Amino acid sequence: MRKKIIAGNWKMNLTLAEAVTITKGLVSASDSSAHEVMIFPSALHLESVANLAKGSKLIVGAQNAYQSGLTAMTGEISPVQLAELGITTVLVGHSERRQFLGETSEFDNQKILYFLKAGLRVVYCVGETWAEREKGNTFSVLEDQIKKGLKDITSDLFSKLVIAYEPVWAIGTGKVATPVEAEEAHAFIRKEIGNLFVGASTIAEKIQILYGGSVKPDNIKELLAKPNIDGGLVGGASQKLDSFLGLLK
């Protein structure tokens with residue numbers, strides 16, 4: 001059975017004091033939780049948060065990294081630097097980076113290949129905009145993002161890969177894909193992964209696929225009840241300790 005993951009993406013939010021307070025509250029909660037618990041703090045807070053989480057089951061990940069060792073790349077973070085902090089998980093392809101910073105699935109593919117080969121665990125984000133959904137293009141968008149983003153990934157690397165389905169129209173808007181809509185997209189993603197190469201169907205059954213988009217304590221139970229939804233990548237509700245703990249109940 002696939003283990004559920006509750007992951008908090010803090011984006012460019014929280015002061016250091018706030019991040020520390022939430023992390024302290026999550027350390028004991030993650031140790032007793034039946035779920036995997038992840039947090040993705042601001043890059044400026046990674047060291048402090050990672051130090052607090054050390055020795056616990058709480059997984060601290062980076063919101064972004066660059067596909068290189070130490071090199072001249074202004075403003076970026078290398079996996080080598082993340083490893084110094086004990087951080088082995090990274091987000092790739094979040095819709096905000098696609099929409100506002102011009103990241104493409106092809107570029108994300110370079111990141112995913114590099115990170116997986118470097119031993120990092122990758123959470124790869126996919127999802128359609130409202131305009132794409134209205135035109136009936138949800139599945140074609142997801143197919144394109146899966147095929148391009150996961151191109152040339154060999155079977156041995158998939159054990160370190162997690163997928164997050166985040167319909168762009170549901171992120172921070174208060175709109176939520178219904179459990180039926182979310183399940184339909186998750187099932188499609190799982191099928192597409194199974195079609196990537198011969199023998200990938202077994203990998204597709206094992207891979208964890210998270211739902212992201214206005215996930216809250218009052219809707220997460222219904223979402224997680226669906227057979228292809230293996231957890232949540234949560235924004236706003238992960239940025240307060242009480243609501244984060246509510247997600248874990």
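This report walks through the annotated active-site and binding-site residues of a predicted model.

## The active-site pair

Let's start with the active site. The UniProt entry, which is unreviewed, puts this feature at His94 and Glu166. The two span 73 residues in sequence, yet their C-alpha atoms are no more than 8.3 Å apart, so they gather at one spot. From this set, His94 is part of the lining of the largest pocket.

The side chains of the pair also meet: a polar contact of 3.1 Å joins Glu166 and His94.

## Around His94

His94 sits in the loop that runs between β4 (89-92) and α4 (95-101). Its relative accessible area is 6%, and because the cut-off for buried is under 20%, His94 counts as buried.

Who are its neighbours? Leaving out residues up to four places away in sequence, His94 touches Asn9, Lys11, Cys125, Glu166 and Ile171. Two of these names, Asn9 and Lys11, come back below, since UniProt lists them under "binding site".

## Around Glu166

Glu166 is a loop residue too, placed between β6 (161-165) and α8 (179-194). With a relative accessibility of 4%, Glu166 is buried.

Again setting aside residues up to four places away in sequence, the contacts of Glu166 are His94, Cys125, Val126, Gly127, Glu128, Ile171, Gly212 and Leu233. Cys125 and Ile171 are on this list, and they are on the list for His94 as well.

## The binding-site residues

The same kind of record covers a second feature. UniProt, again in an unreviewed entry, places "binding site" at Asn9, Trp10, Lys11, Gly172, Ser214, Gly235 and Gly236. These residues are spread over 228 residues of sequence, but they cluster in space, with a largest C-alpha distance of 14.0 Å. Asn9 and Lys11 are the members of this set that the lining of the largest pocket takes in.

Two of the glycines can be placed on the fold. Gly172 is found in the loop between β6 and α8, and Glu166 lies in the loop between those elements as well. Gly235 belongs to the loop between β8 (231-234) and α11 (241-248).

Is Gly172 buried or exposed? Gly172 is exposed, at a relative accessible area of 75%, whereas Glu166 is buried at 4%.

## Pulling it together

The largest pocket ties the two annotations to one place: its lining includes His94 from the active-site set and Asn9 and Lys11 from the binding-site set. His94 touches both Asn9 and Lys11, and a 3.1 Å polar contact links the His94 side chain to that of Glu166.

Note on methods: Residues numbered from 1 in each chain as written. Predicted model: local features only at pLDDT ≥ 70, side-chain atom pairs only at ≥ 80, totals over all residues. Heavy atoms only, no water. UniProt positions renumbered as here; feature names shortened; annotations may be inferred. 1 Å grid on protein atoms, 1.4 Å probe; cavity = no way out; pocket = protein on both sides within 12 Å on 5 of 7 lines; lining within 4 Å. Helix = DSSP H or I, 4+ residues; strand = E, 2+ residues; numbered from the N terminus. Buried < 20%, exposed > 50% of the residue type's maximum accessible area, 1.4 Å probe, protein only. Contact = heavy atoms within 4.5 Å. Polar contact = N/O pair within 3.5 Å; in protein donor to acceptor, adjacent residues only side chain to side chain.
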